[in-house]
Amino acid sequence: MSRIGKKPVSLPSGVTASVEGQTVTAKGPKGELSFVVNDEVLVKLEDGSIQVDPRDSSKDARSKWGMSRTMISNILSGVKDGFEKRLEITGVGYRAAMQGKNLQLALGFSHDVVYQVPEGIQVAVPKPTEIVITGIDKQRVGQVAAEIREYRGPEPYKGKGVRYAGEKIVRKEGKKK
């Protein structure tokens, strides 16, 4: 039995949800999201909460049960509050700046890296060494953060590069004489 899947997802205040077949749609102050649940899982909307159950006791149905409940929970909290990821840039001369709708990164290459921000995602640069990514879709916010980090991930000797805020980098000792 899935401990996560057993819990019903309660609707936050200010959010309306509808279940039509296998599609769960949520509308809130930040926008609208929908999620198509796998056919192995049953979804019911009853008295202010969404209940998720496996269709049968097969291993496939039980494995998709908890994930479906978490995805529904994420779209409900996303349309109400949204999600945020913070990136930190460490290194001499490494910096970020917004150039219109694009993010311009100076990461020690011979040229600046220009990242085009996708629709539905907002990127802010409060300081030249800090990037804040916000949006209502948790997966897309995390994907954009991962793509930006991929340009110059933190290296283990000096810790230079782009890292998630609060990420601990395991440092290596340099070579000895």
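# A walking tour, starting at Tyr115

Start by selecting Tyr115: at 6% relative accessibility, it counts as buried. Here buried means under 20% relative accessible area, exposed means over 50%, and partly exposed is in between, using a 1.4 Å probe and protein chains only. Before you click on, know that this is a predicted model, where local features need pLDDT of at least 70, side-chain atom pairs count only at pLDDT 80 or more, and totals for chains, interfaces and linings use all residues. Residues are numbered from 1 along each chain as its sequence is written, and side-chain values use heavy atoms, with hydrogens and water left out.

**Stop 1: the ring pair**

Keep Tyr115 on screen and add Tyr151, which is partly exposed with a relative accessible area of 33%. How many aromatic pairs does a search of the whole structure find? It finds one, and you are looking at it: the ring centres of Tyr115 and Tyr151 are 6.3 Å apart and the planes sit at 75 degrees, so the pair is edge-to-face. For the cut-offs, rings of Phe, Tyr and Trp (its six-membered ring) pair if their centres lie within 6.5 Å; planes under 30 degrees apart are stacked, over 60 edge-to-face, and the rest tilted. Now colour by secondary structure. Tyr115 is in strand β10 and Tyr151 in helix α3, so the pair ties together parts that are 36 residues apart in sequence. Helices (H or I, at least four residues) and strands (E, at least two) are DSSP runs, numbered from the N terminus.

**Stop 2: two nonpolar cores**

Next, select Ile89, Leu103, Leu105, Ile131, Ile133 and Ile148. These have the most contacts inside the largest nonpolar core, which has 19 residues. A nonpolar core is a set of buried Ala, Val, Leu, Ile, Met, Phe, Trp, Tyr and Cys residues joined through side-chain atoms within 4.5 Å. At least two residues of this core come from each of β7 (83–90), β9 (102–106), β10 (113–116), β11 (121–127), β12 (130–135) and α3 (138–151). Which element gives the largest share? That would be α3, with four residues.

Zoom in on Leu105. Leaving out residues up to four places away in sequence, Leu105 touches Ile89, Arg95, Ala96, Asp112, Val113, Ile131, Ile148 and Tyr151, where contact means heavy atoms within 4.5 Å. Apart from this core lies another one, of 18 residues, including Val15, Val52, Trp65 and Leu76.

**Stop 3: Val132**

Val132 is found in strand β12. Is Val132 buried or exposed? Buried, with a relative accessible area of 9%. Show its neighbours: not counting residues up to four places away in sequence, Val132 touches Glu84, Lys85, Arg86, Gln122, Val123, Ala124 and Pro126.

**Stop 4: salt bridges**

Switch on the charged side chains. The structure holds eight salt bridges, each being a side-chain nitrogen of Lys or Arg within 4 Å of a carboxyl oxygen of Asp or Glu. Try Lys64 and Asp60, whose closest N and O atoms are 3.2 Å apart. Why are they about one helical turn apart? Because Lys64 and Asp60 are four residues apart in helix α2 (residues 59–80). Lys64 is partly exposed at 23% relative accessibility, and Asp60 is partly exposed at 36%.

Then pick Lys176 and Glu173, whose side chains meet in a salt bridge (2.9 Å, N to O); both residues are exposed. Finally, select Glu84, Arg86, Lys127 and Glu130, which are joined into one network by salt bridges that share partners.

**Stop 5: strands side by side**

Select residues 23–28 and 31–36. These are strands β3 and β4, paired in the antiparallel sense over six bridges; strands pair if DSSP finds at least two bridges between them. The two form a hairpin with two residues between them, and Val24 has Phe35 in β4 as its bridge partner.

Now look for an open sheet of three strands, in the order β1-β6-β5, with antiparallel pairing. Its edge strands, β1 (9–10) and β5 (41–46), each pair on one side only. Between β1 and β6 (residues 49–54) there are two bridges, and Ser10 stands opposite Ser49 in β6.

**Last stop: the record**

Colour residues 12–82 and 91–164. An unreviewed UniProt entry annotates them as "domain: Large ribosomal subunit protein uL6 alpha-beta"; positions use the numbering here, feature names are shortened, and annotations may be inferred rather than shown by experiment. Residues 12–82 are 31% helix and 41% strand, while residues 91–164 are 19% helix and 42% strand.
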